[in-house]
Amino acid sequence: MEDDQFIDEAAGADALASDGSIVTIRGVRPDDRPGLAGLYSGASRELRLRFFIVPSRLTIAAELDLLVQADTRDQLTVVALDGHRIIGVATCVRLDTTGRMAEIAVFVADDHHGRGIGTLMLEHLAARARRAGITEFIGEALPGNAGVLRMIRDFHEHTRTRTRAGLVDLDIDLTDQPAFDRAVDARDRVAERASLRPLLAPCSVVVVGAGQRHGGAGHEALRALRDFGFTGRLYAVNPSGRPVCGVPVLRSLADLPEGVDLAVVAVRADLVADVLKAAGQRGVRAAVVLSKGFGGTGPAARQRRGEILRIARDSGIRLLGPGSIGVLSTDPHVRLDACLSAVRPPAGGLAVASQSGAIGIALLAEAARAGCGIAGFVSLGEKLDVSGNDLIAYWYDDPATRAVALHLESFGNPRRFARIVRALGRRKPVLAIESHRPGTTPPDLLDALYTQAGIIRTTGIGDMLDTARMLIGQPLPTGTRIGIVGNAGGLTALAAGQAEAAGFTCAPLSPDTRRQLPRGRDNPVDLGIDATSAAIATTAEIVANSGEVDILLLLIVGTRANCPIGMTVALGEVADNHPDVTIAAVLTGGNADVATFGARGAPVYQQPEQAIRALAHARRYAVWHDQPLGRRPELSGVVPARARELIGQCLANGPGWLPRHQVSAILDAYGIVVIPVFPASTGVAAVAVAERLGYPVVMRADGAAGDHPGAVRLDLTSATAVRDAFDAVTATSGRSAGVLIQRQLAATLRLSAGIRHDPLFGSLVRLEAGGRHTVRLEPLTDLDARRMRAELLGAPRPGGHRLPPSEAAGTEDLLLRLGRLAEDHPEIAALELAPVFAGPDGIIAADARMRLDVVGAVPDATLRRLSPAPAARAPAGGAALAS
């Protein structure tokens, strides 16, 4: 469900109904009148529930006239289509031209009840309404209209109902965006599981293009399905009709004896469209397109991609690829291997999505070598339809998935991705391989995205799988105290140093614990190369029992004179005796290929640095996981309507940089203070301004010349200093227009902050201090602001002093106000506050620059909608819609 392009509001958006099928939600058009007439003519009891009486033809005609009017700020209407048939309509009408309340009405065709169509229309209607300034829906329903009452109550947690005079009054407060997001995401997960089940857990599969030649994509996919023991019904299609890999072959999809869940398509690129049409006619519900030839940026490639996506949407097929290397599920009830990887890893708890086929193949091979169990693997390919966002929603409730690994080269809707992956991360760890492809997401945007979403960033395939093995089936580290036990000699000391460098504490053990250890050894406990399995296990048990470590790392060096397998067996009992302690082992020097130890499957690594790096990732995830999600606090003195009015007036003169007084007025509407400046055209006037403000003052050249070296003078404490500065500044800047003077503030800290708008990611808030910076995507929570401040200002200042609490709180407040400003007004293309003084006078900007621009349609972070497909070549409106 990834918006790789922006949605055309007129064409509408494809979305998933609660049963996983695809419907289209769009704004109403004048030529929809016949279709809406057909919708009403096919209703019976529902018309009375909609109009509270049995409506006359004149009543319905008047209703249709009202519905097909073009949207305004005071009336908004959306329709739902199944194919080309209108199956639902929802409208809201503002009660007065200046109010924020609108009355809603929803109507769904009788034969489409129970699919969540009304809820989908309300979601899209609410998004449009908020953009028009409407924040409350009201309505009426008959007490007997159980379906509508249930839909309204489930739509939003801030819904109130009240019964009066035989009617039920409905009231929905749309102002709590996080609550609305939670409700939408919960519905999205239900729809995604229904929609992707035919792809990821099919009951029947057909391979189209299964040839006789070994090495052909279709042949190998069919052979993999057969060899892995797919538990469902397996078919193959090839014009020759000759059996392939012992599987009977049909000559065409039309010969299938039943509707099939999943089609694996391995034909030439120019044949894929016809295959998908035939698959849709035969009731296929999902397709994996292995075929290549759909890449490129030219018009022909775009047309070919658009054609197969449109066919898939019209046929109700979820499409994976093209250019995918396939899909894998190790679920014993499914055993699906429709994947071109030559290596199949063991079953386990890690679900993987990879945009790159090559990285996907390498990851599966490394998982098999390292013994990292895989629950499922999905190769996204060109990602025309099924995307990372879809899979995140599916895996959220998947019991076999205990951690998720992602390799994504692009993000269609980053803000939605951040929100849904953050919710997933609260249940299951999410890992990602950093991508450094030229021209991809800028590093600071990617850093903000991953930080806010709680994603574990790994540097490569090995690092990702090492970390996944540490996280799956193991308790998270509850602290940083690490105990190291083994027979590894110098390797033990090396591991201790690496652990300290990674942020762990290899603290001394207590005297009582040391008395229980051989020769009173301390942490790290090196028992020597000749230590027996029993001695190592006993020592590990004592350290684990002590309560003095959060993590136990076991280092084993295998030689010809000892038995590494026996040691791991003995240590497995220790691990199982302490299910609340994070435990890992390093086994090196032996030929034993051991991936885990103990019944709990604690991980075994080949080198200490692998284990320590994985433990560090696990600890950072544990800290993020245990912190609250954060909230969007109420901010005093914020008047969005005032800022909206000012921005509209400024944009009426065209985009560009604003004069300082207009910037100050807009910022003032959000409680952001900029020090007033006063012009002076002569030295005498400058002194008069300085005397009125009180010393010390700051002087800068007026206009663009203020950026010149020497065009700013600080610490002016007397009339003489002001006169001298005036002469110097005007001479340096080469301008005679004069100067700007402002009061100089006492400051503990000097910062800069601002906003930058990205057409895909939305707006970012930036904080800079001491040459370092940090950024976050809006919307900002109080926790985001606290983390930004702590990243740059949490360490003690020179002299050993931390930022005073009031100034720390003021900095966070400024960030939250900038975040709300950016969220409410995406027209702010850039905002620079520099310098910003944090001191006894509060958090005040000395200067501010703002650039406005007309923004396009940033992908909505809330709405459920699939990636856009080209408009269907079908009659618009017309009698066909009424059928």
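1. Starting with T513: this residue is found in helix 16, which spans residues 511–516. The model is a predicted one, so read everything below as a property of that prediction. T513 is buried because its relative accessible area is 3%, under the 20% cut-off. The side chain of T513 makes a polar contact with the side chain of S510, at 3.1 Å. If you skip sequence neighbours within four places, T513 is in contact with I542, S546 and E548. For a sense of scale, the C-alpha atoms of T513 and E157 are separated by 54 Å, and the two residues are 356 residues apart along the chain.

2. Next, S379, another buried polar residue to look at in the viewer. S379 sits in strand 18 (residues 374–379), and its relative accessibility is 0%. Where does the side chain of S379 reach? It goes to the backbone nitrogen of I325, at 2.9 Å. I325 also turns up in the contact list of S379, along with L320, S324, G326, S354 and G357, once residues up to four places away in sequence are left out.

3. Q610 is worth a look alongside S379. Q610 belongs to helix 19 (residues 608–626). Is Q610 buried or exposed? With a relative accessible area of 16%, Q610 falls under the 20% cut-off and therefore counts as buried. The side chain of Q610 reaches a backbone nitrogen, that of Q606, at 3.3 Å. Setting aside neighbours within four places in sequence, Q610 is in contact with D466 and Y605.

4. Helix 8 (residues 272–281) has an inward side. Its buried residues are V272, A273, V275, L276 and A279. These residues lie on the same side of helix 8, because the arc they cover around the axis is only 160 degrees. As background, an α-helix has 3.6 residues a turn, so residues three or four places apart point the same way. What do the buried residues of helix 8 pack against? The list runs to strand 9 (204–208), strand 12 (262–265), strand 13 (286–289), helix 9 (299–315) and strand 14 (318–320). After helix 8 comes G283, with a positive phi near 85 degrees.

5. Now the nonpolar cores. The largest one has 58 residues, and L199, L336, L391, F417 and L449 have the most contacts inside it. Which helix gives the largest share of this core? That is helix 13 (residues 443–453), with six residues. Apart from this core lies another, of 50 residues, among them A17, I60, L170 and F180. Back in the largest core, L199 touches L262, A286, V288, L320, V327, L336 and V386, not counting residues up to four places away in sequence. L320 is also one of the residues that S379 touches.

6. On cavities, the count comes to three of 30 Å³ or more. The second largest holds about 60 Å³ of space. Its lining consists of D185, D188, R189, I392, A393, Y396, I420 and A423. Helix 6 (177–200), helix 11 (388–395) and helix 12 (414–425) each supply at least two residues of that lining, and helix 6 gives the largest share, three residues. If you plan to place anything there, note that the lining includes D185, D188 and R189.

7. Two backbone spots deserve a check for phi. Most residues other than glycine have a negative phi, and most peptide bonds are trans. A165 is not a glycine, yet has a positive phi of about 45 degrees. It lies in the loop between strand 7 (159–164) and strand 8 (167–173). K383, also not a glycine, has a positive phi of about 60 degrees, and it lies in the loop between strand 18 and helix 11. Which of the two is buried? K383 is, with a relative accessible area of 1%, whereas A165 counts as exposed at 77%.

8. Finally, the cis peptide bonds. One runs from Y695 to P696, with omega near -5 degrees. P696 is found in the loop between helix 22 (683–693) and strand 30 (697–701). Another cis bond runs from E778 to P779, with omega near 5 degrees. P779 sits in the loop between strand 35 (772–777) and helix 24 (782–793).

Definitions and conventions: Residues are numbered from 1 along each chain as its sequence is written. This is a predicted model: local features need pLDDT of at least 70, side-chain atom pairs count only at pLDDT 80 or more; totals for chains, interfaces and linings use all residues. Side-chain values use heavy atoms; hydrogens and water are left out. Helices (H or I, at least four residues) and strands (E, at least two) are DSSP runs, numbered from the N terminus. Buried means under 20% relative accessible area, exposed over 50%, partly exposed in between (1.4 Å probe, protein chains only). A polar contact is a pair of N or O atoms within 3.5 Å; within protein, one must be able to donate a hydrogen and the other to accept it, and residues adjacent in sequence count only if both atoms are side-chain atoms. Contact means heavy atoms within 4.5 Å. The arc is that of the directions from the helix axis to the C-beta atoms. A nonpolar core is a set of buried Ala, Val, Leu, Ile, Met, Phe, Trp, Tyr and Cys residues joined through side-chain atoms within 4.5 Å. On a 1 Å grid over the protein atoms alone, a cavity is a set of points where a 1.4 Å probe fits but cannot get out, and a pocket is an open set with protein on both sides within 12 Å along at least five of seven lines; lining residues have an atom within 4 Å of a point. Grid points are joined across faces, edges and corners, and a volume is the space filled by probe spheres set on the points.
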